[in-house]
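User: I'd like to go through the reasoning behind the labels on this one. Can we take the empty spaces and then the helix packing?

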Amino acid sequence: MVCKQKGIALIQILLLVAVTSVFALYLTQQARAQVEKAAWAQARAASEVAIHSAESRLQFELLTTDRVIRKTTSPLNFHGQPFIVNNEVEVAVQDQSGLLGLHFLRSGRFIALLKSQGISDDRAQRISAVIRDWQDPDFIPSPYGRDASLDEAMIRNGNIPDITEIEKIITLTEQEKEIIYANCTIFFNGDLNPITAPETLLNSMTGNNQLTQQLINLRANGQLDETTFRQMVSLRATDDLKYTVSNTMGIRYTHTNEYFSLTRETVVALSPYASG
């Protein structure tokens, strides 16, 4: 009888130890999770502060220095080449005049861009016409444009407020989305600046990979200007090109820590002579 009672007591003790161990393990895991959350929150706050600091420094530089493209000791450029600010934030600045404006789309350059990346002529014409039909003020469909049977009430007949709206008017492949989003903008409607254009768009203008690479190398060294570009690239007489950086910039900030990378994208319109 005594042995039986001792056995029951032993089992009770073992059960108590097991329950206590499980509870202690639970508390340990919860503590680790809370510490990890706190570390993530601290890292997020540090990244936000770092990006805000880089943003302030960059905006000050953009407002107080000229934007003439030339060889300088500053890493600042306007063609999207990443550089480091404050030794910790990667920044890429893209002059919006170096992109094709979607609001008043120049079909010739847009179609050439798509075709240079392997898109068929019919498909490129279709995408261009649909985008133009969606935004122009009339209800007359162009030959490659929207379906004439589409309810007129469904047509925007105005400038698209978000570039992703084009996905609602025509089904695009991932490649087509990548090409359009990287080379087009809704934030600038003026003449195209080839000096700050992305490599893909620049290549569609030259039609020559080797020449495009030469232009890219000259640009990276601050040696590509209007005179050099005109000498190297044979373009037809056109009035839709300019060779000065605009006041509208697309900027991407990226800060990386041991937990994640935080990216902030913004578009700014600079007014260096604005008064209160």
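User: Which residues line the largest cavity?

Analyst: This is a predicted model, and in it the largest cavity is lined by Leu99, Leu100, Gly101, Phe104, Arg106, Arg109, Phe188, Asn189, Gly190, Leu192 and Asp240.

User: What makes that a cavity in the first place, and how much space lies in it?

Analyst: A cavity is a set of points where a 1.4 Å probe fits but cannot get out. About 90 Å³ of space lies in the largest one. With a cut-off of 30 Å³ or more, the count comes to one cavity.

User: How does its lining divide by class?

Analyst: Five of the lining residues are nonpolar, three polar and three charged. Gly counts as polar here, so Gly101 and Gly190 fall in that class.

User: OK, now the largest pocket. How much space does it have, and which residues are closest to its centre?

Analyst: About 670 Å³ of space lies in the largest pocket. It has 25 lining residues, and those closest to the centre are Gln94, Gln96, Leu99, Tyr181 and Glu265. Leu99 also turns up in the lining of the largest cavity.

User: Which elements contribute to that pocket lining?

Analyst: Two or more residues each come from β2 (89–95), α5 (174–183), β4 (184–185), α6, β5 (248–256) and β6 (261–269). The largest share, five residues, is from α5. By class, the pocket lining has twelve nonpolar, nine polar and four charged residues.

User: On to the helices. Why is α2 called oblique to α3?

Analyst: Helix α2 (residues 107–116) and helix α3 (residues 121–135) pack at an angle of about 140 degrees, with axes 9 Å apart. Roughly antiparallel needs an angle over 145 degrees, and roughly perpendicular covers 65 to 115. The angle fits neither, so α2 counts as oblique to α3. The crossing of these two is right-handed.

User: Which residues make that contact?

Analyst: On the α2 side they are Ser107, Phe110, Ile111, Leu114 and Lys115, and they meet Asp121, Ala124, Gln125, Ile127, Ser128, Ile131 and Arg132 in α3. That gives six nonpolar, three polar and three charged residues.

User: What makes α6 oblique to α7?

Analyst: Helix α6 (residues 199–206) and helix α7 (residues 209–220) pack at about 130 degrees, again with axes 9 Å apart. Anything from 65 to 115 degrees would be roughly perpendicular and anything over 145 roughly antiparallel, so α6 ends up oblique to α7. Their crossing is right-handed.

User: And what does the contact of α6 with α7 consist of?

Analyst: Glu199, Leu202, Asn203 and Thr206 of α6 touch Asn209, Leu211, Thr212, Gln213, Leu215, Ile216 and Arg219 of α7. Sorted by class, that is four nonpolar, five polar and two charged residues.

User: Why is α2 called roughly perpendicular to α6, then?

Analyst: The axes of α2 and α6 cross at roughly 105 degrees and come within 9 Å. The range for roughly perpendicular is 65 to 115 degrees, so that is the label for α2 against α6. Arg109, Ala112, Leu113 and Ser116 of α2 make the contact with Thr200, Leu201, Ser204 and Met205 of α6. The classes there are four nonpolar, three polar and one charged. Arg109 is also one of the residues lining the largest cavity.

Terms used
Residues numbered from 1 in each chain as written. Predicted model: local features only at pLDDT ≥ 70, side-chain atom pairs only at ≥ 80, totals over all residues. Heavy atoms only, no water. Axes fitted to C-alpha atoms, helices over the stretch in contact; angles between N-to-C directions. Helix = DSSP H or I, 4+ residues; strand = E, 2+ residues; numbered from the N terminus. Parallel < 35°, antiparallel > 145°, perpendicular 65-115°, else oblique. Left-handed = near helix turned anticlockwise from the far one by under 90°. Contact = heavy atoms within 4.5 Å. 1 Å grid on protein atoms, 1.4 Å probe; cavity = no way out; pocket = protein on both sides within 12 Å on 5 of 7 lines; lining within 4 Å. Points joined across faces, edges and corners; volume = space filled by probe spheres on them.
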